[in-house]
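Subject: Structure for you to look at

Hi there,

Here is the structure I promised to pass on. Please open it alongside this message, and my notes on what turned up follow below.

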Amino acid sequence: MVEHGIFLSLPSNQPDIVLIAPGQVSSVEFMVEHTGDAAIEMNVVFELFTTLPSTWSDPVWDQPAGYSLSGGGDFARPILSVEAPDGDLSTAPATLEIWAHAYAENDEGVTEEVNVEKIVLDILT
């Protein structure tokens with residue numbers, strides 16, 4: 001068994017294509033599941049790895065400090081929201097790459113990154 005495993009996916013009702021429209025906020029829901037040891041707590045912090053054009057809003061996570069998973073089998077449903085500018089979207093990226101960074105305490109009580117999972121979603125403007 002893996003001590004610090006996580007599984008990153010989309011909920012079954014969430015399409016794997018992000019629809020972007022001028023001046024609108026687009027939201028994507030993810031599902032992250034702790035697949036490791038039932039006794040190990042982890043905090044998972046999400047990052048939009050894709051660089052958005054400067055005219056776009058900063059990406060917003062519903063819990064910017066991360067999502068606490070108490071042990072194996074626990075899960076969270078993070079939500080990312082991105083607002084596109086009004087007008088021309090020709091500079092929109094073709095994909096959104098999202099990274100989930102899992103952190104846990106080691107035997108010395110120091111928090112360290114123990115796992116990283118990535119998911120890539122297509123963008124449709």
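A residue is called buried when its relative accessible area is under 20%, exposed when that area is over 50%, and partly exposed in between. E112 has a relative accessible area of 37%, so it counts as partly exposed. Before I go further, please keep in mind that this is a predicted model.

**The charged patch**

E112 sits in strand β11, which covers residues 111-124. Together with E3, D107 and E108, E112 forms a negative surface patch.

**The hairpin and its surroundings**

The strand that carries E112 also takes part in a hairpin: β10 and β11 are linked by 5 residues, and G109 in that turn has a positive phi of about 80 degrees. The two strands run antiparallel and are joined by 11 bridges. To find one of the bridge pairs on your screen, pick E97, whose partner in β11 is V120.

β11 has another neighbour in strand β2 (residues 17-19), and here the pairing is parallel, over 3 bridges. V18 stands opposite I123 of β11. At the residue level, L124 and L19 are 105 residues apart along the chain, yet their C-alpha atoms are separated by 4.9 Å. L124 belongs to β11, and with a relative accessibility of 46% this leucine is partly exposed.

**Strand β5, a two-faced strand**

Which side chains of β5 are buried, and which are not? In this strand (residues 42-48) the side chains alternate: M42, V44, F46 and L48 point to one face and are buried, whereas N43, V45 and E47 point to the other and are not.

β5 pairs with two strands that I would like to point out. With β10 (residues 95-105) the pairing is antiparallel, over 6 bridges, and L48 has I98 as its bridge partner in β10. With β7 (residues 67-69) the sense is also antiparallel, this time over 3 bridges, and M42 stands opposite L69. Both M42 and L48 belong to the buried face described above.

**The three-stranded sheet**

There is also an open sheet of 3 strands, in the order β3-β9-β6 and with antiparallel pairing. β3 (25-29) and β6 (60-61) are the edge strands; each has a single partner strand, so one side of each is left without a neighbour in the sheet. Between β6 and β9 (residues 79-83) there are 2 bridges, and W61 has L80 as its bridge partner in β9.

**The salt bridge**

How many salt bridges does a search of the whole structure find? It finds 1. The pair is R77 and E29, with the closest N and O atoms 3.4 Å apart. R77 lies in the loop between β8 (75-76) and β9, while E29 is in strand β3, so the contact ties together parts that are 48 residues apart in sequence. R77 is partly exposed, at a relative accessible area of 38%.

If you want a quick tour, I would begin at the patch with E112, move through the hairpin of β10 and β11, go on to β5 with its alternating side chains, and finish at R77 and E29.

Happy browsing, and do write back with any questions!

Best wishes

How values were computed
Residues are numbered from 1 along each chain as its sequence is written. This is a predicted model: local features need pLDDT of at least 70, side-chain atom pairs count only at pLDDT 80 or more; totals for chains, interfaces and linings use all residues. Side-chain values use heavy atoms; hydrogens and water are left out. Two strands pair if DSSP finds at least two bridges between them. Helices (H or I, at least four residues) and strands (E, at least two) are DSSP runs, numbered from the N terminus. Patches are made of residues with over 30% relative accessible area and no salt bridge: like charges are joined within 9 Å, nonpolar side chains (Val, Leu, Ile, Met, Phe, Trp, Tyr) within 5 Å. Accessible areas come from the Shrake-Rupley method with a 1.4 Å probe; for residues, only the protein chains shown count as cover. A salt bridge is a side-chain nitrogen of Lys or Arg within 4 Å of a carboxyl oxygen of Asp or Glu. Lys and Arg count as positive and Asp and Glu as negative; His and the chain ends are not counted. The place of a charge is taken as NZ of Lys, CZ of Arg, CG of Asp or CD of Glu. Buried means under 20% relative accessible area, exposed over 50%, partly exposed in between (1.4 Å probe, protein chains only).
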